[in-house]
Structure formats: structure tokens, C-alpha cells
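Pull up the model and keep the viewer open while you read. We'll go through it one region at a time.

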Amino acid sequence: MGATEAAKTRGDAAVGADPAAGGGGAALLGEPTVPVRAGWTVGLSLATLAVFMAFMTPIQILLPLQLERIDPQDKNTALSLVTGLGALVAVLVNPLAGAWSDRTTSRFGRRRPWTLGGAVAGAAGLVFTASQHTVAGVAVGWCLAQAGLNAMLAGVTTPIADRVPLAQRAQVSGWTGLMQSIGLVLGALITTLLVTGVGPGYVTLAVLTVALALPFVLRHGEPALPRELRPAFDARAFARSFWVSPRRYPDFGWAWLSRFLINLGNALGTLYLFYFLADAVHYADPGTGVLILTGVYTLSAAATAIPVGAFSDRVGRRKGFVVVCSVVMTAAALLLALLHTWPSALVAAAVLGAGYGIYLAVDQALVTQVLPRAADRAKDLGVINIANSGPQVLAPALAAPVIAHLGGYTGLYVAAALVILLGGLLVTRIRGVA
């Protein structure tokens with residue numbers, strides 16, 4: 001047996017019988033054809049749950065509480081500063097981690113080292129944030145957490161493009177996308193009911209981030225990237241690779257812009273949810289209110305994400321579903337704009353969840369179909385993910401003056417509705433995906 005054949009045999013043995021693991025360079029760069037198993041999807045979903053629980057729970061609950069105690073008179077500005085800086089770190093780290101993931105030749109594969117390493121680094125950042133008592137300290141801690149968590153995100157988003165055939169892609173994306181909402185619910189339960197105090201909430205999230213990443217990392221192998229397939233490193237070429245020309249790849253450009261606008265509208269609507277309940281709805285316990293609304297939202301998203309994802313796979317169409325979900329989400333934002341009552345907030349949460357469930361499943365599948373090169377999947381998905389994290393930078397800068405000078409929360413949710421609708425309509429400009 002030659003050296004190449006021996007290396008291939010070792011790679012196949014490392015991934016065992018997992019059909020999603022494949023083997024060799026062809027499996028890494030070719031279009032996946034072998035259906036993934038339920039256990040693989042469950043493992044990836046748990047790792048994705050870890051990322052988004054660690055991302056979203058601090059933004060929705062822990063950071064507002066922590067900053068309100070530190071600076072009660074200027075809590076909105078402090079929250080905008082901290083979340084904006086964290087999102088800026090995410091914009092930079094996610095595509096960088098993705099690019100290095102594409103080039104990783106570890107015998108454990110390209111994605112798993114980044115998944116576990118990012119989980120550990122993100123957990124350390126959360127623990128550091130818990131110990132801070134100034135706005136500057138919280139900002140530094142949150143940026144550290146975002147850096148680790150975005151390295152982990154690079155490891156958990158790309159396996160769908162790497163391993164899942166088109167006929168399964170929206171359904172698997174529905175499961176992993178649903179983890180965003182479930183992460184909010186579990187995180188809210190943990191930080192409002194199961195543990196007391198901001199510090200213990202951060203520490204518990206840190207432990208769970210690592211624990212939930214381990215099943216996928218330890219149980220589901222992947223083939224290593226052969227060193228001969230890794231291009232020689234050139235700093236200028238590496239830097240240029242982060243610009244994906246919308247003229248050369250127009251479908252990628254339209255998918256990026258559509259996602260950016262929909263996520264910007266969603267960020268405008270959710271960033272101040274805790275304060276919206278406290279200041280506009282006058283709900284007695286805003287933290288519990290966020291938990292209830294998130295639970296309604298999640299149940300509604302679960303009702304649409306998986307079945308609509310499966311239906312999208314069956315009919316082989318994506319764009320129409322994205323347009324429909326944007327219209328539904330627009331209706332939810334307008335409801336929040338017009339009525340500042342607890343019952344209307346519950347209805348809006350259900351409507352928004354239904355729309356976002358469709359979006360989570362179908363848009364992620366659509367994005368994987370417009371990636372320019374198989375060898376750069378993680379890097380290009382990192383560029384796409386700027387459309388997720390970039391709005392977190394821009395939304396605070398837009399939301400604060402809108403609330404202060406352009407109609408308060410009514411103006412904020414009208415703006416969110418218009419941005420979401422425009423994002424959904426722009427997806428129709430994509431030509432290479434039905």
C-alpha cells in the first residue's frame with residue numbers, strides 16, 4: 001500500500017461509518033450526495049444551540065441587566081456601545097476563522113478544531129464578562145466572547161454545505177436554524193428561573209457552550225484536508241479573497257444584501273425588546289416577559305421551520321419562501337409599531353416566529369447554493385455571516401436616534417418593517433436558484 005492510500009485508509013478509519021463524513025479530497029470539495037443521518041443532524045444542532053444560546057442570551061437579558069446596574073441613567077447608550085463593538089468583532093473574526101478553517105490540515109478535520117477551540121475561547125470570554133463592573137470592562141469581555149464564539153460559528157455553519165445533499169439541505173437548515181430560537185428560550189430559562197444573578201448566568205452559559213459542542217466534535221469525524229490541496233499562503237491573495245465581487249458573482253451579492261436587510265430589520269426590532277416591554281408596554285417583569293415572548297416565538301418557528309424546509313427540498317424552490325417569510329415578519333413588526341400592549345406583543349411574537357422559522361430553513365439552504373468556490377466554503381459563509389453580525393453594529397446606531405427623535409418605539413418598528421420587506425423582495429434578483 002502506497003503512502004497516499006495509507007493516508008486515505010487512516011482518514012476513512014478516523015471518520016468511521018458516518019456516511020456524512022466521507023473521505024479524501026473529492027469528498028471535501030465535491031457536491032455532497034450521501035444523505036446525512038439523524039445523529040449527525042442532532043450533534044450539529046446541539047453545537048449550533050450552544051453558539052446561539054451564548055450569543056443571544058447576554059444580548060437579550062444579561063447585558064441589559066448588567067449595564068442597567070452599572071449605568072442606569074444611560075443604559076440604552078451603554079447597551080448600544082457594547083453590542084455594537086461585539087458585533088464589529090464578529091464581522092472581522094467570522095470570515096477570518098472561516099478562511100483559516102478552509103486551510104486547516106489537522107488530522108481531526110477542518111471544522112472540528114475551530115468548533116471546540118472557539119467554544120472554549122467563547123466560554124472564557126463569558127466568564128471574564130461576568131466579573132466586570134464598568135461599561136468598558138463589559139465591552140472588552142463581550143468582544144472576547146464574540147471572538148471565540150464566531151470562531152466556533154465558522155465551524156458549525158459550514159458542515160451543511162460540506163456534507164448535506166441539496167435534497168436535505170433546507171430541512172437540516174431548519175433544525176439548525178431553529179436552535180437560534182431554542183437557544184433564546186433555554187438561555188432565558190436559565191438566567192431568569194434556574195440561576196440567580198448575572199454572574200452565575202454567564203458562568204452557566206460558558207459551561208453549556210463547551211458541553212453542547214462536545215457530542216458533535218467527538219462523535220462525528222470528518223476527512224482531513226490533504227496538504228497538497230492547501231494552497232501556498234500569500235498574504236495579499238489571502239486579503240483579496242475576502243472581497244467576493246457582486247459583479248462576478250451577482251447571486252452571491254443579492255443573497256448577501258437580502259440577508260443583511262432582513263437581519264437589520266430583525267435587529268432593530270429585537271435589540272431593545274427588554275426596554276420596550278419595560279418602557280412602552282409597562283410590563284411588570286420585563287425579563288420574564290422576554291422569556292414568554294421568546295417561548296411563543298420559538299413554538300411558532302418550530303411549527304414552520306421543519307415542515308416548510310422539507311417542502312422546499314421536495315419542490316426544489318427557495319426564493320418564493322423567502323419572500324413569503326419577509327411579508328409575514330413585516331406584518332409582525334407593524335403590529336408592534338401600532339399597538340404597545342401585552343396581548344398584541346404575544347400575537348406579534350407568534351407571527352414573527354412563523355415568518356422567521358421559514359426564513360431560517362430556506363435562506364440558509366439558498367445561501368449554500370450561491371457560494372462561489374467549494375474550496376472556500378467557510379470563508380465565503382463567513383462573508384455571508386457579516387450580513388448577520390453587521391446589522392448588530394448598525395442597528396444600535398440607527399435605533400437610538402429613531403427612538404429619541406423619530407417616533408419612539410413606533411418609529412423603530414415601522415423602520416424594521418420596511419427594511420425586512422425590502423430584504424425579502426431583493427431575493428427575487430437571484431437567478432441561479434429557483
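## Charged side chains on the inside

Let's begin with an arginine: Arg 110 has a relative accessible area of just 1%, so it counts as buried. Keep in mind that this is a predicted model. What does the side chain of Arg 110 meet in a salt bridge? The partner is Asp 162, at 3.7 Å from N to O. Arg 110 sits in the loop between α4 and α5 (112-130), while Asp 162 belongs to helix α6, so this pair ties together parts that lie 52 residues apart in sequence. Asp 162 is buried too, because its relative accessibility is 5%.

Asp 162 has another arginine to deal with: Arg 111 also meets it in a salt bridge, here at 2.8 Å from N to O. Arg 111 is in the loop between α4 and α5 and Asp 162 in helix α6, so here the parts tied together are 51 residues apart in sequence. Is Arg 111 buried or exposed? With a relative accessible area of 2%, Arg 111 is buried. If you follow the shared partners, salt bridges join Asp 102, Arg 110, Arg 111, Asp 162 and Arg 377 into one network. As a reminder of the chemistry, side chains of opposite charge can pair when their charged atoms come close.

Across the whole structure, a search turns up eleven salt bridges. One more to look at joins Asp 376 and Arg 373, with their closest N and O atoms 2.5 Å apart. Arg 373 is partly exposed, at 43% relative accessibility.

Now for the nonpolar side of things. The largest nonpolar core holds 114 residues, and the members that touch the most others are Leu 63, Val 82, Leu 126, Phe 276, Leu 277 and Tyr 409. Which helix gives this core its largest share? That would be helix α3 (residues 38-70), with 15 residues.

Val 82 is a handy place to stop and look around. Setting aside its neighbours within four places in sequence, Val 82 contacts Leu 63, Leu 67, Val 135, Val 138, Ala 139 and Trp 142.

Tyr 202, in helix α8 (residues 198-219), is another good viewpoint. Tyr 202 is buried, because its relative accessibility is 0%. Leaving out residues up to four places away in sequence, Tyr 202 touches Pro 58, Leu 62, Leu 63, Gln 66, Leu 126, Thr 129 and Ala 130. Two of the names in that list, Leu 63 and Leu 126, may ring a bell from the core. The C-alpha atoms of Tyr 202 and Ala 124 are 10.0 Å apart, although 78 residues separate the two along the chain.

Next, go to helix α6 (residues 135-163) and find Gln 146. Polar as glutamine is, where does Gln 146 end up, buried or exposed? The relative accessible area is 6%, so Gln 146 is buried. Beyond residues up to four places away in sequence, Gln 146 touches Phe 55, Gly 86, Ala 87, Val 89 and Ala 90.

The cysteines are worth a quick check as well. Cys 143 is buried, at 17% relative accessible area, and Cys 325 is buried at 0%. How many disulfides does the model have? The count is zero, with a disulfide taken as a pair of cysteine sulfur atoms within 2.5 Å.

Let's move to the surface. Leu 81, Leu 85, Leu 88 and Leu 92 form a nonpolar patch there, with about 340 Å² of accessible area together. Leu 85 is in helix α4 (residues 75-103), and its relative accessible area of 33% makes Leu 85 partly exposed.

Our last stop is helix α11 (residues 273-281), which is where you'll find Asp 279. Asp 279 is partly exposed, with a relative accessible area of 38%. Not counting residues up to four places away in sequence, Asp 279 touches Lys 75 and Tyr 409. The C-alpha atoms of Asp 279 and His 340 are separated by 9.9 Å, with the two residues 61 apart along the chain.

Now look at His 282, in the loop between α11 and α12 (286-315). Most residues other than glycine have a negative phi. His 282 is not a glycine, yet its phi is positive, at about 60°. His 282 is also exposed, with a relative accessible area of 60%.

Notes
Residues numbered from 1 in each chain as written. Predicted model: local features only at pLDDT ≥ 70, side-chain atom pairs only at ≥ 80, totals over all residues. Heavy atoms only, no water. Core = buried A, V, L, I, M, F, W, Y, C linked by side-chain atoms within 4.5 Å. Buried < 20%, exposed > 50% of the residue type's maximum accessible area, 1.4 Å probe, protein only. Helix = DSSP H or I, 4+ residues; strand = E, 2+ residues; numbered from the N terminus. Contact = heavy atoms within 4.5 Å. Patch = residues over 30% accessible without salt bridge, like charges linked within 9 Å, V, L, I, M, F, W, Y side chains within 5 Å. Areas by Shrake-Rupley, 256 points an atom, 1.4 Å probe, with all protein chains shown as cover. Salt bridge = Lys/Arg side-chain N within 4 Å of Asp/Glu carboxyl O.
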